[in-house]
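Biologist: Could you take a close look at the charged side chains in this model for me? I'd like to know who pairs with whom, and what sits around them.

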Amino acid sequence: MEFLRLLEGLRTPFFDTVFAAVTHLGEETFFMVLAILLFWCINKRCGYYCFFVGFAGTAINQFLKLLCRIPRPWVLDPDFTIVEAARAQATGYSFPSGHTQNAVGTFAVLGLATKKKWLKILCAVLIIIVPFSRMYLGVHYPADVLFSLVVSTALVFALYALYSRGEGISRRFRISFFLVAALSFAFVLFVNLHTWPANIEI
């Protein structure tokens with residue numbers, strides 16, 4: 001909380017607006033739109049790669065949120081304030097950060113897919129700024145952001161090994177689909193078979 005309080009003391013209306021806008025780049029809708037654009041405008045390999053990194057990350061993220069059930073910073077400390085513009089998108093539990101998961105995966109995939117140096121630099125900057133925005137806005141702890149950054153980076157490089165090889169795209173798609181389906185099935189089983197407290201948010 002000390003770091004979040006430090007950022008709270010540094011907030012200004014201008015940066016509140018900037019980071020409230022930047023943080024939207026970590027939403028699920030953005031990675032799905034980018035995956036479609038990559039699929040149609042670049043090549044199918046990049047599109048599948050982006051989609052499966054994002055989908056696998058989301059499944060893992062939601063599983064860990066329900067497993068750990070860590071409240072948001074302002075819930076644990078009522079004296080702590082957040083940037084109100086971020087409250088509507090900060091639903092559910094805090095750990096890990098879904099926006100960080102999506103942003104790191106999305107922009108890492110795009111950075112690996114492009115040969116343009118300026119775009120690689122932009123992706124690298126956004127990989128840092130979007131996760132930082134979650135802490136600046138007061139909706140995530142540093143641990144939420146750092147953990148998601150590590151998991152998403154691991155997914156990016158694990159699936160890169162699959163999508164950088166020369167086999168046909170249909171085989172890569174089948175392998176990715178199987179992995180994501182297995183994660184989704186495990187999540188559904190967990191939600192339905194686990195004994196939950198009466199006040200849990202599912």
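Modeller: Sure. This is a predicted model, and I'll start with Arg87, which has a relative accessible area of 33% and so counts as partly exposed. Arg87 pairs with Glu84 in a salt bridge, with their closest N and O atoms 2.7 Å apart. Glu84 has a relative accessibility of 52%, so it gets past the 50% cut-off and counts as exposed. Elsewhere, shared partners link Arg5, Glu8 and Asp77 into one salt-bridge network. The total for the model is three salt bridges.

Let's go through that network one link at a time. Arg5 and Glu8 meet through their side chains in a salt bridge, at 3.8 Å from N to O. That value is inside the 4 Å limit for a salt bridge. Both residues belong to helix H1, which covers residues 2-10, and being three residues apart there puts about one helical turn between them. As a rule, an α-helix has 3.6 residues a turn, so residues three or four places apart point the same way. Arg5 itself is partly exposed, at 35% relative accessibility. The other link from Arg5 is a salt bridge to the side chain of Asp77, at 2.1 Å from N to O. Asp77 sits in the loop between helix H5 (73-76) and helix H6 (98-113), while Arg5 is in H1, so this pair ties together parts that are 72 residues apart in sequence. Asp77 is buried, because its relative accessible area of 18% is under the 20% cut-off.

Now for an acid without such a partner. Glu27, in the loop between H2 and helix H3 (28-42), is buried but makes no salt bridge. In general, side chains of opposite charge can pair when their charged atoms come close. For Glu27, the nearest side chain of opposite charge is Arg134, and that one is 7.0 Å away. What Glu27 does have is a polar contact of 2.5 Å, side chain to side chain, with His24. Leaving out residues up to four places away in sequence, Glu27 also touches Gln89, His99 and Asn102.

One more charged residue deserves a stop, this time for its backbone. Arg69 isn't a glycine, yet its phi is positive, at about 50°. Most residues other than glycine have a negative phi, and most peptide bonds are trans. Arg69 lies in the loop between helix H4 (44-68) and H5, and it is partly exposed, with a relative accessible area of 28%. While we're on backbone oddities, the peptide bond from Phe95 to Pro96 is cis, with omega near -10°. Pro96 is found in the loop between H5 and H6.

There's a buried acid in helix H2 (residues 13-22) too: Asp16 is buried there, as are Phe19, Ala20 and Val22. These four are on the same side of H2, because they cover an arc of only 160° around its axis. Pro13, Phe14 and Thr17 are exposed, on the face of H2 turned away from that buried side. Helix H7 (117-136) is part of what covers the buried residues of H2.

So much for charges; what about the nonpolar surroundings? In soluble globular proteins, nonpolar side chains tend to be buried together. Here the largest nonpolar core has 26 residues, and Leu38 and Val109 are the ones that touch the most other members. At least two residues of this core come from each of H3, H4, H6, H7 and helix H8 (142-163). H4 gives the most, with seven residues. A separate core has 16 residues, with Leu7, Ile82, Val83 and Tyr141 among them. Back at Val109, its contacts beyond four places in sequence are Leu38, Cys46, Tyr49, Cys50, Val53 and Val156.

Last stop is Phe55, which is also in H4. Phe55 is partly exposed, with a relative accessible area of 33%. Setting aside residues up to four places away in sequence, Phe55 touches Phe31, Val180 and Ser184. Its C-alpha is 9.9 Å from that of Gly105, a residue 50 places away in sequence.

Key. Residues numbered from 1 in each chain as written. Predicted model: local features only at pLDDT ≥ 70, side-chain atom pairs only at ≥ 80, totals over all residues. Heavy atoms only, no water. Buried < 20%, exposed > 50% of the residue type's maximum accessible area, 1.4 Å probe, protein only. Arc of directions from axis to C-beta. Contact = heavy atoms within 4.5 Å. Lys, Arg positive; Asp, Glu negative; His and termini not counted. Polar contact = N/O pair within 3.5 Å; in protein donor to acceptor, adjacent residues only side chain to side chain. Core = buried A, V, L, I, M, F, W, Y, C linked by side-chain atoms within 4.5 Å.
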